[in-house]
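Subject: Structure handover

Hello,

Here is the structure we talked about. Please open it next to this email; my findings follow below.

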Amino acid sequence: KISSLANAMLTSCTPPASAAGRGEGSIAAAEPTGAAGEHRSSSSSAGARRAEEQVWLQSVKENLEHFGDVDVFVDSSARDCACCLELMNTPYRIRPRKCGHVFHIECLLQSWTEGICPVCG
């Protein structure tokens, strides 16, 4: 059974491609390549990536918090996901409001059943 929370977010739970593969949410600073124009271009694209990530996060946050009793937040501290027990390499996190367990967004969506934390049962 897919919960209304998971069903609402099946297509938008993954961050934009610009965020993929970066550890702990660091947004890579533009590295100068020597030519002033190239540096400005890299800086502009980094700014565009940050803006895209912010739009994505706000959309995910609004949808998940509307359909489920959860908090979506950004935290870059080292922490293991309470579901898969792996180190979180993304700053995008989610926790049920009824407990303090913190998950990857994708992990909670896969195991969420109408307001029940997969760890608390």
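The largest nonpolar core has 20 residues. Within this core, L64, I94 and I105 touch the most other members. Four elements each give two or more residues to the core: helix α2 (36-67), strand β1 (70-74), strand β2 (92-96) and helix α3 (105-111). Please keep in mind that this is a predicted model.

**Overall layout**

The protein chain has 3 helices and 3 strands. Read from the N terminus, their order is α-α-β-β-β-α. The chain counts 121 residues, and 32% of them are buried. Take the contacts between residues at least 6 apart in sequence: 47% of these join residues at least 24 apart. The accessible surface is about 6900 Å². Carbon and sulfur atoms account for 52% of that surface.

**Rings**

How many aromatic pairs does a search of the whole structure find? The search returns 1. The partners are W56 and Y92, and their geometry is edge-to-face. The ring centres are 4.8 Å apart, with 70° between the planes. An angle over 60 degrees is what counts as edge-to-face. The pair links distant parts of the chain. W56 belongs to helix α2 and Y92 to strand β2, 36 residues apart. Both W56 and Y92 are buried.

Another ring has a charge over it. The charged end of R95 sits over the ring of F73. The distance from that end to the ring centre is 4.0 Å.

**The loop between β1 and β2**

Several residues in this loop have something to report. I take them in sequence order.

D75 is in the loop between β1 and β2. Is D75 buried, exposed or partly exposed? Its relative accessibility is 23%, so D75 counts as partly exposed; the cut-off for buried is under 20%. The D75 side chain makes a polar contact with the side chain of S77, at 2.9 Å. Leaving aside residues up to four places away in sequence, D75 touches T90, P91 and R93. D75 and M88 are 13 residues apart in sequence. Their C-alpha atoms are 9.8 Å apart in space.

A78 is in the loop between β1 and β2 as well. A78 counts as exposed because its relative accessibility is 68%. Along the chain, A78 and P91 are 13 residues apart. A distance of 9.3 Å separates their C-alpha atoms.

L85 also lies in this loop. Its phi is near 65°, a positive value in a residue other than glycine. Most residues other than glycine have a negative phi. L85 has a relative accessible area of 62%, so it is exposed.

N89 has its place in the loop between β1 and β2 too. At 46% relative accessibility, N89 is partly exposed. N89 and R79 are 10 residues apart in sequence. From C-alpha to C-alpha, N89 and R79 are 8.9 Å apart.

T90 is another residue of this loop. Why does T90 count as buried? Its relative accessibility is 19%, and buried means under 20%. The T90 side chain reaches the backbone nitrogen of Y92 at 3.3 Å. Y92 is also one half of the aromatic pair with W56. T90 is one of the residues that D75 touches.

**Helix α3**

E106 lies in helix α3, one of the elements that give two or more residues to the core. E106 is partly exposed, because its relative accessible area is 26%. E106 and Y92 are 14 residues apart along the chain. Their C-alpha atoms are separated by 10.0 Å.

**Where to look**

If time is short, start with these:

- Core: L64, I94 and I105, which touch the most other members.
- Aromatic pair: W56 and Y92, edge-to-face at 4.8 Å centre to centre.
- Charge over a ring: R95 and F73, at 4.0 Å from the ring centre.
- Loop contacts: the D75 side chain with the S77 side chain at 2.9 Å, and the T90 side chain with the backbone nitrogen of Y92 at 3.3 Å.
- Backbone: L85, with a positive phi near 65°.

Best regards

Key: Residues are numbered from 1 along each chain as its sequence is written. This is a predicted model: local features need pLDDT of at least 70, side-chain atom pairs count only at pLDDT 80 or more; totals for chains, interfaces and linings use all residues. Side-chain values use heavy atoms; hydrogens and water are left out. A nonpolar core is a set of buried Ala, Val, Leu, Ile, Met, Phe, Trp, Tyr and Cys residues joined through side-chain atoms within 4.5 Å. Buried means under 20% relative accessible area, exposed over 50%, partly exposed in between (1.4 Å probe, protein chains only). A polar contact is a pair of N or O atoms within 3.5 Å; within protein, one must be able to donate a hydrogen and the other to accept it, and residues adjacent in sequence count only if both atoms are side-chain atoms. Contact means heavy atoms within 4.5 Å. Accessible areas come from the Shrake-Rupley method with a 1.4 Å probe; for residues, only the protein chains shown count as cover. Rings of Phe, Tyr and Trp (its six-membered ring) pair if their centres lie within 6.5 Å; planes under 30 degrees apart count as stacked, over 60 as edge-to-face and the rest as tilted. A charge sits over a ring if NZ of Lys or CZ of Arg is within 6 Å of the ring centre and within 35 degrees of the ring normal.
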